[in-house]
Amino acid sequence: MNQLSKHKTILLLVFLVIMWGVNWPLTKIGLRYAPPLLFAGLRTFIGGIILLLLALPRYKSLRLKETWPIYLVSAFLNIVLYYGLMTFGLLYTPAGLFSAVVFLQPVLLGVFSWLWLGESMHPRKMFGLVLGFLGVAVICAFGIIGHASVIGIGLALGTALSWAFGTVYMKRISERVDSLWVVSLQQTIGGLLLTGSGAFIENWSDIVWDLSFILNLLFISIFVIALGWLTYFVLIGSGEASKVGAFTFLIPLISNIASVIFLHEQFTFNLVVGLVFILFSIYLVNVKSRRERSLVAS
């Protein structure tokens, strides 16, 4: 996949972090109107259909006979496991603690990218990844109240692992498939499986189809699911996965700020301290040493 310009990369990162940040409070609002599995399935399926319509003009690059296993594995890791484990995990664990554990993902992604993608790893970079995770933990610390079960922590770790494995897998196969097709099919297949599970476990009659829910569902489906995942994999395919992953540490910060605005949750000192940790983390992961700069220059 072609390298993006610095300007385009920054714009895509800003869009991604904002969209995935506001997703958390918007999802909390949406769950007032719909059961969790059906809500997760509907928004991913709608997002997938939108992307399928965009992908149709590129039908020649689908090559379904050769690439269908890739689409299934991607859907399983990035949609079914990720959203499925997240949905059930939040039933057992406070949201703050669950989010903190899930955002161990950039650290796992940095390690996996080093092991399986051959990306560089050095003490400064690893320290930056760990520091970013600590920043997320500080931000979420205010919400870590209540009983946290072993099952809930296990599901949170599973969510982080599925996201990290899914990202590394997508990076490895990025040259073998069309990015728009793989993102659209993983959303559609995963959305169908989640919706089917929800239809079996939950009741369609529990969904309140009013204007607020419909607008919430459409916004998440279009901007968070469809365009968000497409942006994420475009960034992953064009640069180092661990560096892109470092910026996802900003998502819980945006989530907390959006929750203050939309849900009137309390703004805490944790946000300020966590932001300092996260910004320093991003700097450490992305800054090049003198030796690296001299190699690039030569």
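Confidence comes first, since this is a predicted model. The protein chain averages a pLDDT of 80 (the predictor's confidence in each residue, from 0 to 100), and 83% of the residues score at least 70. Among the elements of the chain, helix 2 (residues 36–55) has the highest mean pLDDT, 93, while helix 13 (residues 290–297) has the lowest, 44. Helices here are DSSP runs of H or I with at least four residues, numbered from the N terminus. Over residues 292–298 the pLDDT drops below 50, and beyond near neighbours in sequence this stretch has four contacts in the model, a contact being heavy atoms within 4.5 Å.

A few ground rules apply: local features need pLDDT of at least 70, side-chain atom pairs count only at pLDDT 80 or more, and totals for chains, interfaces and linings use all residues. Residues are numbered from 1 along each chain as its sequence is written, and side-chain values use heavy atoms, with hydrogens and water left out.

Now for the rings. The structure holds 13 aromatic pairs. Rings of Phe, Tyr and Trp (its six-membered ring) pair up if their centres lie within 6.5 Å; planes under 30 degrees apart count as stacked, over 60 as edge-to-face, and the rest as tilted. Trp 20 and Tyr 232 make a tilted pair, because their planes sit at 40 degrees, with ring centres 5.1 Å apart. Trp 20 belongs to helix 1 (residues 6–30) and Tyr 232 to helix 9 (residues 211–238), so this pair ties together parts that are 212 residues apart in sequence. Both Trp 20 and Tyr 232 are buried, where buried means under 20% relative accessible area, exposed over 50%, and partly exposed in between (1.4 Å probe, protein chains only).

Helix 9 turns up again with Tyr 82 and Trp 229. Their planes are at 85 degrees and their ring centres 6.1 Å apart, so that pair is edge-to-face. Since Tyr 82 is in helix 3 (residues 64–92) and Trp 229 in helix 9, the link spans 147 residues of sequence. Tyr 82 counts as buried at 8% relative accessibility, and Trp 229 is buried too, at 1%. These four residues join Tyr 83 and Trp 163 in one aromatic cluster.

Elsewhere, Arg 43 lies over the face of Phe 39, at 4.6 Å from the ring centre; the rule is that NZ of Lys or CZ of Arg is within 6 Å of the centre and within 35 degrees of the ring normal. Finally, Leu 129 lies in helix 6 (residues 123–140) and is buried, with a relative accessible area of 0%.

How values were computed
Helices (H or I, at least four residues) and strands (E, at least two) are DSSP runs, numbered from the N terminus.
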